[in-house]
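The following paragraphs offer a guided reading of one protein model. Please keep the sequence and the structure in view while reading.

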Amino acid sequence: MKRFKGYNLLFGWLSFFVAAISYILTIEPTTSFWDCGEFITTAYKLEVGHPPGAPFYMILARFFAIFTSDSSQVAASINILSALASAFTILFLFWSITHLARKLVSPSGIPSTAQTISIIAAGLVGALAYSFSDTFWFSAVEAEVYALSSLFTAVVFWLILKWEEEADQPYSLRWIILAAYLMGLSIGVHLLNLLTIPALVFIVYFKKYPVNLKGVLAASGIAILILGSIMYGIIPGVVRVASWFELLFVNSFGLPIHTGVLFFALLFIGFIVYGLRWTYLRKKHLLNTVLLAFTVIMIGYSSFTMIVIRSLADPPLDENNPEDVFSLLSYLNREQYGDRPLFYGEFYNTPITAVVPGSVTYRAENGRYVKTNVREEYEFDERFETIFPRMWSRQPSHITGYENWGKVKGSPIQTTNARGEREIVMKPTFGENLRYFFKYQIGHMYIRYFMWNFAGRQNDQQGFGSSLHGNWISGIPFLDTMLVGNQEKLPDHFRDIPSRNTYFLLPFLLGLVGFIYQYQKNKQSFIILNLLFFFTGIAIVIYLNQTPYQPRERDYAYAGSFYAFAFWIGLGTLWLIDLLGRFMRGNIAPILGGTIALAAVPGIMLAENYDDHDRSERYLARDIAKNYLRSCEKDAILFTFGDNDTFPLWYIQEVEGFRTDVRIVNMSLLSVDWYINQLRQQYYDSKPIKLSFEPEKITTGNRDQIIVFDQLKSHRDLGELLKFVASDDPKSMYRVNRETQLHYLPGKKFSLPVDKTKVLANGTVNPKNEALILPSIDWQIGKSSLIKNEMMMLDILAQNAWERPIYFAISAPDNSYLNLDPFLRLEGLAYRLVPIRSDNPDKTIGRIESEVLYDRLMNEYEYGNMESEGFLMDEHQKRVLQIIDLRTVFARVAMDLANKGKAEKAVNLIRKNLEIMPSDKIPLDFNAISFIRVARLAGDVALADELEAGLRVQYGQEMEYYESLQSPYYEIVERERNIARTLYEMAAP
């Protein structure tokens with residue numbers, strides 16, 4: 001046995017080093033898109049990120065950041081945290097697989113040499129298969145919480161297996177207490193770890209109690225009770241009870257803020273200490289263990305006190321401003337993201353019968369807590385409600401998705417609308433509800449991801465149901481033809497991409513035989529793994545209740561389920577060895593079987609996945625962030641609109657200290673009071689933003705939406721109109737119904753006065769364009785209502801009075817400018833507000849200063865090393881480049897230069913763009929037509945011919961592929977067929 005343990009340790013650490021080296025070699029050397037920039041920022045300066053926070057992750061990441069020599073290395077060091085956490089996950093996965101494998105191979109004795117080789121082979125195959133799986137590797141090389149969360153899951157599961165091994169020995173409970181403590185810590189990272197609880201409960205049950213139906217039902221109930229108690233009791237419940245004490249002590253007893261929380265904390269600690277002592281002295285062993293586990297969970301959970309402590313310090317990034325127990329409770333409950341029905345509730349078109357008061361929001365003011373908002377809750381027509389509602393969102397795009405995926409026809413029900421008129425509403429049937437659940441939520445949003453990891457992946461473009469994007473494939477021709485159509489004539493730029501991976505179903509098949517093998521050999525461990533697999537997979541699908549058209553792929557949510565399946569891949573190796581053992585004697589079968597399994601599963605996965613996970617030469621997120629800020633003049637205000645034009649900018653300012661004079665204003669956050677009030681503060685070199693609305697005027701629930709009437713015939717001063725909105729005079733309110741009054745604007749025509757001297761002096765307008773300066777910007781919005789962020793944007797424009805440059809990120813949706821488009825000037829990756837009107841015949845936004853832009857695009861901007869052969873151009877990078885429309889920016893400037901007779905500069909720009917955005921990484925698109933026109937206008941016939949030939953080859957291949965498809969795939973790609981034909985014809989000589 002000692003020899004087996006030695007080999008088990010040795011090969012476990014070998015799997016760790018293989019994984020660690022793979023991940024460290026492929027980490028992104030700087031920040032990535034999506035949440036990574038925010039996580040790095042909050043960790044580096046211990047600031048407060050989005051709800052519900054990840055304080056323990058921040059503490060660990062800060063520890064890693066301490067060892068960097070300069071701020072540019074901070075992101076890489078935190079990425080290494082993810083790499084090492086992932087590698088340790090593989091280590092504990094290996095040891096967990098070998099534990100279960102030993103129970104199948106040698107359940108009661110010391111493993112023989114052949115059995116030892118079999119067990120080690122199972123551990124290596126399963127652990128390395130997960131190591132090189134698509135979803136897990138993606139999270140292992142960037143600064144996200146999922147790698148560390150996976151480590152907690154792996155360690156806790158291993159600890160319970162360790163307890164199982166020593167359950168009959170003294171002090172074995174230490175493993176359960178340690179697991180409970182790690183669960184508490186994991187709450188400060190991600191809640192995924194808690195989903196291991198049902199499997200852990202059954203490990204204890206099978207070890208300590210006789211197995212019968214009554215016991216299974218009791219264990220199931222206890223598992224659900226523990227899981228629910230932590231998720232809905234401990235996490236929000238302790239803070240909620242503390243809020244009751246706080247409200248009582250402050251508002252009723254007149255004591256200082258936080259007194260109630262401190263009293264509750266002392267009372268709570270006293271109760272725990274007394275309970276532990278009482279149960280110990282009276283030898284209540286089970287109750288003492290439960291209370292001790294609860295205690296260590298609370299100790300781990302206490303990492304959230306850092307959120308409050310850091311928020312009280314008012315750092316520049318202080319999301320939700322959770323400075324007191326009430327705002328912390330809202331923060332933990334993720335209230336800003338809304339709610340969704342799970343087991344009973346409404347459909348998307350269920351009529352609302354009443355709006356009733358819901359929970360109350362409090363904030364500290366003058367030493368007391370005052371109500372700031374009563375959340376509105378809806379009551380629905382009960383005839384339209386259903387059990388297990390899956391189609392619930394009222395967003396128009398979501399409704400379209402529901403009706404497509406669920407094939408909704410509905411059943412008619414007569415109801416009365418808000419005007420008192422009778423109408424027929426088509427209520428979705430329960431069958432259609434289930435069709436959406438199985439086809440979209442299970443099939444598209446879970447099984448598709450599962451098969452990505454264990455069968456193969458078509459490409460990394462986000463899939464919305466098309467046969468061209470984001471599907472799973474296998475590499476087996478006849479099967480792939482059934483899945484996505486005939487692949488024989490696939491274009492080169494579809495086939496030769498890193499993200500197209502085929503494993504020939506081998507990981508899936510090996511896991512499937514491992515599933516069957518475990519069932520045959522040990523049904524108890526089979527049940528345990530199935531519980532882990534279900535609760536980290538299908539249970540999450542049910543809990544998330546996802547809507548159609550997610551902003552990005554969500555495979556990372558199910559990494560725990562793929563972790564569980566890796567066990568079966570490992571155990572499938574035992575089946576293969578048993579099969580070979582029928583024909584071979586001694587150690588030959590385990591050595592040969594293990595070698596075959598290693599090569600056929602993790603070997604193929606490594607070979608296929610390495611190139612599309614190697615981010616080692618990628619700097620695009622960092623450089624795009626710098627380019628946004630380089631587009632702005634000193635002391636600018638830059639409006640941003642999403643995660644990928646905000647989080648990287650936070651990172652580059654907060655961590656690397658780049659252009660801290662520019663104030664980032666995120667339009668999504670500009671709807672909430674805490675963010676608006678933070679704009680009034682100075683941070684680094686950025687002065688406070690002037691606002692006319694006092695803090696009490698924009699609290700949550702106050703002026704969240706304002707009605708806009710068209711009662712004024714002439715343009716009115718924007719500042720004066722906003723003063724009307726800021727007034728609490730009943731005359732400035734519009735009664736919507738008996739319960740609701742809203743503030744309103746009397747007109748849609750606004751006027752923003754222009755100080756000509758100021759705009760010339762501060763460089764807003766070049767002196768050569770002095771004659772074009774308008775006395776005021778007069779425009780009309782096209783909306784009948786404004787939400788708070790739009791109102792505040794207008795207030796910033798009015799109060800700024802041309803003192804600071806105002807910019808809008810080029811990534812903004814077209815309807816974000818409130819019809820100010822003619823008064824914008826393109827200055828790179830941002831549009832600047834200028835008092836000059838430009839109505840472009842080609843419908844492009846704003847005017848351009850081509851000479852200034854030429855220098856920025858050619859010399860000042862950095863492009864993330866895109867031109868490098870080793871640069872990984874994945875879907876996220878392509879999407880950002882498409883959103884900022886970088887090729888279009890180059891094309892516009894080049895065309896303007898060519899029209900002005902500056903042919904050399906125009907051609908230089910085209911060649912620069914083709915250099916940094918090579919067509920083998922980013923296929924040519926409509927902008928190539930503009931490039932061709934510019935090249936011909938500039939007299940560079942060779943460049944024009946080269947581009948035309950490239951377009952004809954690319955879209956000629958696409959047309960041939962589309963025409964080779966049979967129904968229904970031929971009809972699905974109709975849009976793509978038309979685009980390919982159009983571009984091919986436009987490129988014809």
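The buried residues of helix 24 pack against strand 9 (637-640), helix 25 (647-654), strand 10 (663-666), strand 18 (806-809), helix 30 (850-860) and helix 31 (875-884). The model is a predicted one, and this helix is a convenient place to enter it. Helix 24 covers residues 620-630, and 11 of its 11 residues are buried. Among these buried residues are the nonpolar side chains of Leu620, Ala621, Ile624, Ala625, Tyr628 and Leu629. The buried set also includes Arg622, Asp623, Lys626 and Arg630, which count as charged, and Asn627, which counts as polar.

From helix 24 the reader may pass to Tyr863, a residue of the loop between helix 30 and helix 31. Is Tyr863 buried or exposed? Its relative accessible area is 7%, and Tyr863 is therefore classed as buried, since the limit for that class is under 20%. Apart from its neighbours within four places in sequence, Tyr863 is in contact with Leu620 and Asp623, both of which belong to the buried residues of helix 24. Its other contacts under that condition are Arg856, Leu857, Leu886, Phe890, Lys912 and Ile916. Asp710 offers a point of reference elsewhere in the chain: 153 residues separate it from Tyr863 in sequence, and the two C-alpha atoms are 46 Å apart.

Attention now turns to a pair of helices earlier in the sequence. Two packed helices are described by the angle between their axes and the distance between the axes. For helix 4 (residues 74-105) and helix 5 (residues 113-131), the axes come within 8 Å and cross at roughly 140°. The crossing of helix 4 past helix 5 is right-handed. On the side of helix 4, the residues that meet helix 5 are Thr89, Ile90, Leu93, Phe94, Ile97, Thr98, Ala101, Arg102 and Val105. Helix 5 answers with Gln115, Ile119, Ile120, Ala122, Gly123, Leu124, Gly126, Ala127, Tyr130 and Ser131. Sorted by class, this contact contains 12 nonpolar, 6 polar and 1 charged residues.

Further along the chain lies the second largest pocket, with a volume of about 1,200 Å³. Of the 32 residues that line this pocket, Ile176, Ile222, Ile226, Leu286 and Val290 are the closest to its centre. Which helices each supply at least two residues of the lining? They are helix 7 (146-166), helix 8 (173-187), helix 9 (197-208), helix 10 (213-252) and helix 12 (285-301). Helix 10 provides the largest share, 9 residues. The lining as a whole divides into 26 nonpolar, 5 polar and 1 charged residues.

Ile176, one of the residues closest to the centre of that pocket, can be related to Gly603. The two are 427 residues apart along the chain, and 36 Å separates their C-alpha atoms. Gly603 lies in helix 23 (residues 588-609) and is partly exposed, with a relative accessible area of 28%. Gly586, by contrast, is found in the loop between helix 22 (559-581) and helix 23. Gly586 has a relative accessible area of 54% and is therefore classed as exposed, because that class begins over 50%. Gly586 and Leu10 are 576 residues apart in sequence, with a C-alpha to C-alpha distance of 23 Å.

Several loops hold backbone features that merit inspection. In the loop between helix 2 (36-44) and helix 3 (55-66), where Pro52 is placed, a cis peptide bond joins Pro51 and Pro52, with omega about 0°. Leu46 lies in the loop between helix 2 and helix 3 as well. Leu46 is not a glycine, yet its phi is positive, at about 50°; the residue counts as partly exposed at 22% relative accessibility. Asn366 also has a positive phi, near 55°, and is a residue other than glycine. Its position is in the loop between strand 2 (352-365) and strand 3 (368-380), and at 75% relative accessibility Asn366 counts as exposed. A further cis peptide bond runs from Ser967 to Pro968, with omega near 10°. Pro968 belongs to the loop between helix 35 (941-964) and helix 36 (969-972).

Methods: Residues are numbered from 1 along each chain as its sequence is written. This is a predicted model: local features need pLDDT of at least 70, side-chain atom pairs count only at pLDDT 80 or more; totals for chains, interfaces and linings use all residues. Side-chain values use heavy atoms; hydrogens and water are left out. Axes are lines fitted to C-alpha atoms, for helices over the stretch in contact, and angles run from 0 to 180 degrees between N-to-C directions. Helices (H or I, at least four residues) and strands (E, at least two) are DSSP runs, numbered from the N terminus. A crossing is left-handed if the near helix is turned anticlockwise from the far one by less than a right angle, and right-handed if clockwise. Contact means heavy atoms within 4.5 Å. On a 1 Å grid over the protein atoms alone, a cavity is a set of points where a 1.4 Å probe fits but cannot get out, and a pocket is an open set with protein on both sides within 12 Å along at least five of seven lines; lining residues have an atom within 4 Å of a point. Grid points are joined across faces, edges and corners, and a volume is the space filled by probe spheres set on the points. Buried means under 20% relative accessible area, exposed over 50%, partly exposed in between (1.4 Å probe, protein chains only).
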